[in-house]
Amino acid sequence: MPIYMDFHDLPEGVTSRQIAEMHQADLKIEHKYNCRGLTYWCDEIRQTAFCLIEAPNEEAIIELHNQSHGAVPQRIIEVNDTLVESFLGRIQDPEKAQNTKLNIINETAFRTLMVVKFNKKFLRTKNIDTLNAAIRGYSKSIINIVSNHQGSVVKQRPDSFLMSFSSVTNAVESAAKIQELHNCVITPDLEFKIGISAGVPVTEKENIFEDTIKEANYMSHAVNGNIILSPDVKDLYESENQNNPVNIEGVNALTNVELEFVLNLLEFTESVWAHTNTSAIDYHQNLGLSKSKLYRTMMPIFGQSPNGFLKNYRLNKAL
């Protein structure tokens with residue numbers, strides 16, 4: 001049977017103990033609806049809960065929740081259990097606390113996601129085999145760095161990584177170590193970029209962490225630093241570190257306005273880059289900015305004009 005994750009926006013004041021009781025109520029009658037409750041995540045601070053359930057369909061989950069405790073989820077998506085475990089660390093309830101009758105879980109599903117991308121510089125590389133060997137060695141070091149910072153590798157490709165962290169500080173410090181490694185070891189024919197964003201697994205999108213992955217991926221195109229943080233990640237890092245600002249060389253945070261611009265620009269670019277008649281004029285018209293305003297906005301973030309950005313985006317796609 002498929003596995004689903006649902007999202008509950010909790011009323012103010014609901015505690016993790018009450019969510020644990022609701023989870024037990026589900027387990028008592030789940031057989032009536034051919035469901036199997038695997039686990040859940042409860043975040044008292046953000047007042048959210050996410051349930052992981054094996055079920056024949058979404059309707060069965062709604063009916064189960066409705067009959068057991070009446071708290072119908074706001075959103076349900078189908079998920080892959082391997083991805084859930086990679087992002088969140090488990091797909092079953094943690095072991096019950098000793099001498100505790102009720103297994104109370106107060107563990108957030110909020111995660112910080114990091115995208116690392118490698119770019120081979122055009123026309124400079126003479127020995128591609130040497131460069132690929134360097135990338136393989138660099139990749140092994142990245143995996144070790146992430147593991148040492150309590151992170152997990154969700155996806156790995158020859159030119160990119162997607163990683164998940166429960167701590168913003170661990171994600172940022174891991175990125176700084178990756179940058180340090182690149183500066184010490186890697187050939188100048190290889191560039192790297194890191195985008196770091198944070199969010200919850202279930203939103204209005206169809207896939208787990210889809211919004212957060214997209215943000216981190218799009219931010220990795222920016223050039224005003226090797227490591228680009230979303231505004232939320234910047235605020236959370238400062239909160240975790242006694243309001244001290246992020247003071248790491250090569251790390252920059254986008255403002256909310258800049259992030260919105262990056263998302264709009266990349267979404268439009270993804271939809272039109274393969275059309276040979278697309279030009280900077282299309283950016284002006286579809287983003288609602290004048291030619292001069294678009295240029296002034298793009299240069300600090302991407303270091304390129306609209307035409308230059310589109311050209312390099314196509315070259316990277318071709319490569």
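## Around S160

In this predicted model, S160 touches V116, K117, F118 and K155, leaving aside residues up to four places away in sequence. S160 is found in strand β7, which covers residues 160-165. The relative accessible area of S160 is 14%. Buried means under 20%, so S160 is buried.

Q156 lies in strand β6, made of residues 151-157. Q156 touches S139, I143 and F161, again not counting residues up to four places away in sequence. Is Q156 buried or partly exposed? At 44% relative accessibility, Q156 counts as partly exposed. V116, one of the residues that S160 touches, also gives a distance for Q156: the C-alpha atoms of Q156 and V116 are separated by 9.5 Å. Along the chain, Q156 and V116 are 40 residues apart.

## The chain as a whole

The chain has 319 residues, and 45% of them count as buried. It contains eleven helices and ten strands. Along its principal axes, the C-alpha trace spans about 65 × 45 × 40 Å.

Which share of the contacts between residues at least 6 apart in sequence joins residues at least 24 apart? The share is 71%. The accessible surface of the chain comes to about 16400 Å², and carbon and sulfur atoms account for 47% of that surface. The chain has 30 positive and 39 negative charges. The mean position of the positive charges and that of the negative charges are 8 Å apart.

## Two residues in helix α1

Helix α1 covers residues 16-29. M22 has its place in this helix, and H23 lies in α1 as well. Which of the classes, buried or partly exposed, applies to M22? M22 has 22% relative accessibility and counts as partly exposed. H23, at 7% relative accessibility, counts as buried. The cut-off for buried is under 20% relative accessible area, so the value of 7% places H23 among the buried residues.

The contacts of the two residues can be listed in turn. Not counting residues up to four places away in sequence, M22 touches H69 and A71. The C-alpha atoms of M22 and G70 are separated by 9.2 Å, while M22 and G70 are 48 residues apart along the chain. With the same kind of sequence neighbours left out, H23 touches T39, Y40 and D93. Of these, T39 and Y40 belong to strand β2, which runs over residues 36-43.

## Positive phi in two loops

Most residues other than glycine have a negative phi. N34 is not a glycine, yet N34 has a positive phi of about 60°. Where is N34 found? N34 is in the loop between α1 and β2. N34 is partly exposed, with a relative accessible area of 47%.

Q47 is another residue other than glycine with a positive phi, here near 55°. Q47 is found in the loop between β2 and β3, where β3 covers residues 48-54. The relative accessible area of Q47 is 15%. Buried means under 20%, so Q47 is buried.

## Helix α8 and its partners

Helix α8 covers residues 256-272, and helix α6 covers residues 210-219. α6 and α8 pack at an angle of about 90°, with their axes 10 Å apart. Angles of 65 to 115 degrees count as roughly perpendicular, and α6 and α8 are therefore roughly perpendicular to each other. Which residues of α6 meet residues of α8? They are K214, E215, Y218 and M219 in α6, and they meet L259, V262, L263, L266, E267 and E270 in α8.

α8 also packs with helix α10, which covers residues 291-302. The angle is about 100°, and the axes are 11 Å apart. That makes α8 roughly perpendicular to α10. On the α8 side, E258, F261, V262, L265 and L266 take part in the contact. On the α10 side, the residues are L294, T297, M298, I301 and F302. V262 and L266 appear in the contact of α8 with α6 and also in the contact of α8 with α10.

How values were computed. Residues are numbered from 1 along each chain as its sequence is written. This is a predicted model: local features need pLDDT of at least 70, side-chain atom pairs count only at pLDDT 80 or more; totals for chains, interfaces and linings use all residues. Side-chain values use heavy atoms; hydrogens and water are left out. Helices (H or I, at least four residues) and strands (E, at least two) are DSSP runs, numbered from the N terminus. Buried means under 20% relative accessible area, exposed over 50%, partly exposed in between (1.4 Å probe, protein chains only). Contact means heavy atoms within 4.5 Å. Accessible areas come from the Shrake-Rupley method with a 1.4 Å probe; for residues, only the protein chains shown count as cover. Lys and Arg count as positive and Asp and Glu as negative; His and the chain ends are not counted. The place of a charge is taken as NZ of Lys, CZ of Arg, CG of Asp or CD of Glu. Axes are lines fitted to C-alpha atoms, for helices over the stretch in contact, and angles run from 0 to 180 degrees between N-to-C directions. Angles under 35 degrees count as roughly parallel, over 145 as roughly antiparallel, 65 to 115 as roughly perpendicular and the rest as oblique.
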